[in-house]
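Student: Could you walk me through this model? I'd like to go one question at a time.

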Amino acid sequence: MEPISDSHARELAKQAVRKSTLRAECEAALEGVDRILFEAGCGHGHWLTSYAEAHPEQVCVGVDLISLRIRKALDKRNKRDLENLHFFKAELGEFLEVLPERIRFDLTVLLFPDPWPKARHHRRRMVQPDFLDEVARRTEPGGRFCFRSDDRPYYEWTLEHLEVHPLWEIDPEADWPHEMETYFQGLMDEYFSVVARRIG
Ligand SMILES: C[S@@+](CC[C@H](N)C(=O)[O-])C[C@H]1O[C@@H](n2cnc3c(N)ncnc32)[C@H](O)[C@@H]1O
């Protein structure tokens, strides 16, 4: 991308350094790994730590934007000594850009993502056509995408995006992969879940 101003050029330069550092971190931590369970916006890592402990055979990777949350998630991982669990402080889109190309997703999980309720902010939601395309590209047929939210409009937005996507099919019979109350789930009175399968 060509910079349109000096401050834009500085931002692009910072982004390039950030992505190159993240790429190196991913390559080192995930050396030899081909398949993962991926959690976007993992927060304090409650759900993923519990999943990784129950499934030592599955390599689990969580990303979140907020450093403090990733530090707390890493503390959980280190206390339990879970070698199959990795957390990265990263923006979702940047993470997907630098993740080694060979890595495929068995399961992708999105729990209580920020709902961004105002229409002009909907483009900030993590569930977007490009995100579903990229997760589908990294997922083999039969792989799953699991979404849970307390926000009904965001849940409906996700259903609508999945319904029109050529590579995802909602599976109303599918079991939820692992029940463990996340920090945000604990704050909510009710929530809505959907599981979709990669088709094709
Ligand atoms: C409401 S919290 C839910 C956290 C956790 N999933 C739970 O259920 O407790 C949403 C999380 O998504 C993270 N997040 C939002 N946008 C993100 C993005 N573009 N890339 C990575 N993380 C993001 C936030 O930092 C926050 O920790």
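Tutor: Sure, one definition to begin: buried means under 20% relative accessible area, exposed over 50%, and partly exposed in between (1.4 Å probe, protein chains only). This is a predicted model, where local features need pLDDT of at least 70, side-chain atom pairs count only at pLDDT 80 or more, and totals for chains, interfaces and linings use all residues. Residues are numbered from 1 along each chain as its sequence is written, and side-chain values use heavy atoms, leaving out hydrogens and water.

Student: Which side chain of opposite charge is nearest to Arg-198?

Tutor: Arg-198 sits in strand S7 (residues 192-198); strands are DSSP runs of E, at least two residues, and helices are runs of H or I, at least four, numbered from the N terminus. Arg-198 is buried but has no salt bridge, meaning a side-chain nitrogen of Lys or Arg within 4 Å of a carboxyl oxygen of Asp or Glu. Lys and Arg count as positive, Asp and Glu as negative, with His and the chain ends not counted. At 8.9 Å, the nearest opposite charge is Glu-140.

Student: And which backbone oxygen does the Arg-198 side chain reach at 2.8 Å?

Tutor: One polar atom of that side chain lies 3.0 Å from the backbone oxygen of Thr-139. The 2.8 Å partner is the backbone oxygen of Ala-136.

Student: Is Leu-65 buried or exposed?

Tutor: Leu-65 is in the loop between strand S2 (60-64) and helix H3 (67-80). Because its relative accessibility is 53%, Leu-65 counts as exposed.

Notes:
A polar contact is a pair of N or O atoms within 3.5 Å; within protein, one must be able to donate a hydrogen and the other to accept it, and residues adjacent in sequence count only if both atoms are side-chain atoms.
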